[in-house]
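Please work through the following exercises with the coordinates at hand. Each task is followed by a solution in steps.

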Amino acid sequence: MKLIVEKICCIGAGYVGGPTMAMIAEKCPQIEINVVDINEYRISKWNDIDLNNLPIYEPGLKEIISKCRNKNLFFSTDVKKHISNADMVFISVNTPTKEKGVGAGQASDLKWIESCSRQIGEFAKGETIVVEKSTLPVRTAETIGSILKSFSDRDKKAKKDQKKFFILSNPEFLAEGTAIFDLENPDRVLIGGNNERAIDSLKKIYLNWVSEEKILTTDLWSSELSKLIANAFLAQRVSSINSISALCESTQANINEVAKAIGMDLRIGKHFLKSGPGFGGSCFKKDILNLIYICNHYGLKEVASYWEKVIQINEWQQKRITKIIVDRMFGNVAGKKISILGFSFKANTNDTRESPAINICSDLIEEGSYLSIYDPKVELQQIQIDLGMKPLDDNSWPNKNGGWQFAYSIKESVENSDAIVILSDWDDFFKLDLKSLINIMRNPSWIFDTRNTIDTKQAKAVGFNIWSLGDGSLI
Ligand code: NAD
Ligand code: UGA
């Protein structure tokens with residue numbers, strides 16, 4: 001096995017594969033990196049000359065792509081060729097929650113892991129280090145290992161070139177919106193494995209920009225499990241603070257004051273204490289569901305039900321917000337125009353997977369309101385997929401059945417609306433010109449701020465009725 005890796009293949013050109021490989025390419029110009037995907041459209045967008053058309057939006061990403069693409073970083077659909085040539089193959093494919101069969105609704109669907117393990121088994125040559133980058137249930141390396149072994153055994157029998165595989169777990173901890181910063185300045189890099197030389201090969205790559213004391217090596221199972229647990233703990237903090245946001249509203253306390261006061265205790269810490277409309281993103285929910293599944297599998301019912309609550313609070317927070325909007329608008333939003341600001345699950349990403357906006361918007365449409373949705377990076381087609389309905393054409397409004405339209409600017413979204421609902425924390429929403437916005441709205445004009453982006457005193461002064469999450473002074 002090569003200690004110094006020369007060629008990497010990454011399977012999966014998504015939110016993790018793309019930025020992670022871009023960072024390795026930038027920091028290791030001596031390594032050739034091929035990111036492969038079966039999704040031709042996605043690969044064509046990674047190769048688009050116009051860097052504004054990259055398939056994912058991440059601050060700082062296009063600068064690295066413009067520097068490294070077609071130098072030592074390549075995007076391709078030729079999975080076979082690039083697996084065959086690689087010394088190291090990263091598996092960075094999606095692992096969503098299973099939709100049917102055993103474990104449906106909880107267990108991770110490993111069909112993409114299995115199919116790319118088979119591809120690696122088929123096409124790899126000689127000694128190959130296989131790195132699990134995707135988030136996987138604990139002991140998945142065992143499954144990958146037995147698939148790969150079946151290919152080496154087959155070739156051994158046929159007296160063909162001997163294949164040998166070394167499996168490592170190297171979970172990714174980047175958060176969307178700050179992926180490039182996180183990759184460049186990781187809190188830690190975790191490498192799990194049982195072959196010292198393979199571990200060293202991967203470690204040497206990271207040592208190009210990460211200091212040695214931040215590189216933690218463990219056994220495979222601890223590494224796989226640590227990733228699930230890190231996400232579960234982060235999500236648990238969000239549900240904890242969100243549960244308290246409701247209590248603040250009932251007791252005239254303020255959630256930001258409470259978060260600040262408890263966060264200054266070093267044992268608690270100040271991060272991940274921002275209350276909001278509930279956690280979204282592709283991973284928190286699926287990883288906790290997976291954790292619940294694993295706990296039940298091992299007969300740990302109490303542990304499973306403890307983590308179930310974290311998800312239940314998240315769903316409750318979204319329902320609670322919709323109810324507040326309807327109640328405050330005199331119990332009726334049918335026929336009213338509501339401006340929705342923000343559709344992504346957080347600022348600085350175009351990702352809408354599990355975005356709280358999907359449930360809140362669907363429920364408001366169900367109540368008969370007409371939503372004008374604006375987001376700086378999410379495209380109309382994505383919102384259509386997420387809401388499962390086409391936008392209304394101009395002639396089919398007003399009606400009492402509810403619906404939505406896409407807005408290209410904040411002003412267009414807010415014009416003639418009865419209420420503004422802020423759902424993600426994009427910078428622009430902290431700087432709204434409330435004075436001019438109220439002049440183009442209907443009366444009474446409402447703001448429902450689920451991200452505390454608005455100065456409530458100023459909003460009141462210009463004439464808004466305002467509800468801001470967790471602010472008990474606004475009852
Ligand atoms: P994604 O859906 O954006 O990308 C996965 C890509 O893999 C898709 O483009 C898909 O076409 C491709 N793919 C699937 N099977 C393939 C195959 N056999 N051959 C070639 N390509 C194949 O997913 P993502 O958000 O990048 O997440 C990937 C993994 O990383 C998941 O396990 C996730 O839990 C984990 N993770 C995600 C994040 C995040 O912020 N999104 C952070 C840390 C870890
Ligand atoms: C999260 C983790 O932060 C990453 O470490 C992990 O790698 C990743 O999941 C993953 O495995 O996919 P991400 O989902 O991209 O990253 O974004 P976060 O910043 O964690 O936000 C998740 C959700 O929680 C967002 O909806 C966000 O608005 C919400 N959140 C976060 C809050 O409501 N309050 C907070 O204080 C922090």
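The exercises below concern a predicted model.

**Exercise 1. The sheet**

Task: Determine in which order the eight strands form the open sheet, and identify the strands at its edges.

Solution:
- Step 1. The strand order is 3-2-1-4-5-6-7-8, and the pairing within this open sheet is mixed.
- Step 2. Strand 3 (73-76) and strand 8 (215-218) each have a single partner strand, so one side of each lacks a neighbour in the sheet. These two strands are therefore the edges.
- Step 3. On average, and with direction ignored, neighbouring strands of the sheet are turned by 25° against each other.
- Step 4. At one edge, strand 3 pairs with strand 2 (residues 32-36) in the parallel sense, over four bridges. Within strand 3, Ser76 stands opposite Val36.

**Exercise 2. A helix on the strands**

Task: State which strands helix 6 lies across, and give its angle to strand 6.

Solution:
- Step 1. Helix 6 comprises residues 140-157 and lies across strand 4 (88-91), strand 5 (127-132) and strand 6 (164-169).
- Step 2. The helix runs at about 170° to strand 6.

**Exercise 3. Nonpolar cores**

Task: Find which residues of the largest nonpolar core touch the most other members, and list the contacts of Leu73 beyond four places in sequence.

Solution:
- Step 1. The largest nonpolar core holds 44 residues, of which Ile8 and Leu73 touch the most other members.
- Step 2. With neighbours within four places in sequence left aside, Leu73 is in contact with Met21, Ala22, Ala25, Ile33, Val35, Ile65 and Cys68.
- Step 3. Another core, of 29 residues, lies apart from the largest one; Ile340, Ile373, Leu387 and Leu423 are among its residues.

**Exercise 4. Cysteines**

Task: Establish how many disulfides a search of the whole structure finds, and examine Cys10 and Cys116 in this respect.

Solution:
- Step 1. The search finds zero disulfides.
- Step 2. For Cys10, the closest cysteine sulfur is that of Cys9, at 7.1 Å; a bond is excluded because this is too far.
- Step 3. For Cys116, the closest cysteine sulfur is again in Cys9, at 9.4 Å, and is likewise too far for a bond.
- Step 4. Cys10 is buried, with a relative accessible area of 0%, and Cys116 is buried at 1%.

**Exercise 5. The surroundings of Lys274**

Task: Locate Lys274, classify its exposure, and describe its side-chain polar contacts with Asn256 and Asn452.

Solution:
- Step 1. Lys274 belongs to the loop between helix 10 (255-263) and helix 11 (284-297).
- Step 2. Its relative accessible area is 45%, so Lys274 is classed as partly exposed.
- Step 3. Not counting residues up to four places away in sequence, Lys274 touches Ile241, Asn256, Arg451 and Asn452.
- Step 4. The side chain of Lys274 makes a polar contact of 3.3 Å with that of Asn256 and another of 3.0 Å with the side chain of Asn452.
- Step 5. Lys274 and Asn452 are 178 residues apart in sequence, while their C-alpha atoms are 9.3 Å apart in space.

**Exercise 6. Ser169**

Task: Decide whether Ser169 is buried or exposed, and name the residues that Ser169 touches.

Solution:
- Step 1. Ser169 is found in strand 6.
- Step 2. Its relative accessibility is 2%; the cut-off for a buried residue is under 20%, so Ser169 counts as buried.
- Step 3. Beyond four places in sequence, Ser169 touches Glu132, Leu190, Ile191, Gly192, Leu220, Ser223 and Glu224.
- Step 4. With one of these, Ser223, the side chain of Ser169 makes a polar contact to the side chain at 2.6 Å.

Notes
Residues numbered from 1 in each chain as written. Chains lettered and ligands numbered in written order. Predicted model: local features only at pLDDT ≥ 70, side-chain atom pairs only at ≥ 80, totals over all residues. Heavy atoms only, no water. Pairing = 2+ DSSP bridges. Axes fitted to C-alpha atoms, helices over the stretch in contact; angles between N-to-C directions. Contact = heavy atoms within 4.5 Å. Core = buried A, V, L, I, M, F, W, Y, C linked by side-chain atoms within 4.5 Å. Buried < 20%, exposed > 50% of the residue type's maximum accessible area, 1.4 Å probe, protein only. Disulfide = S-S within 2.5 Å. Polar contact = N/O pair within 3.5 Å; in protein donor to acceptor, adjacent residues only side chain to side chain.
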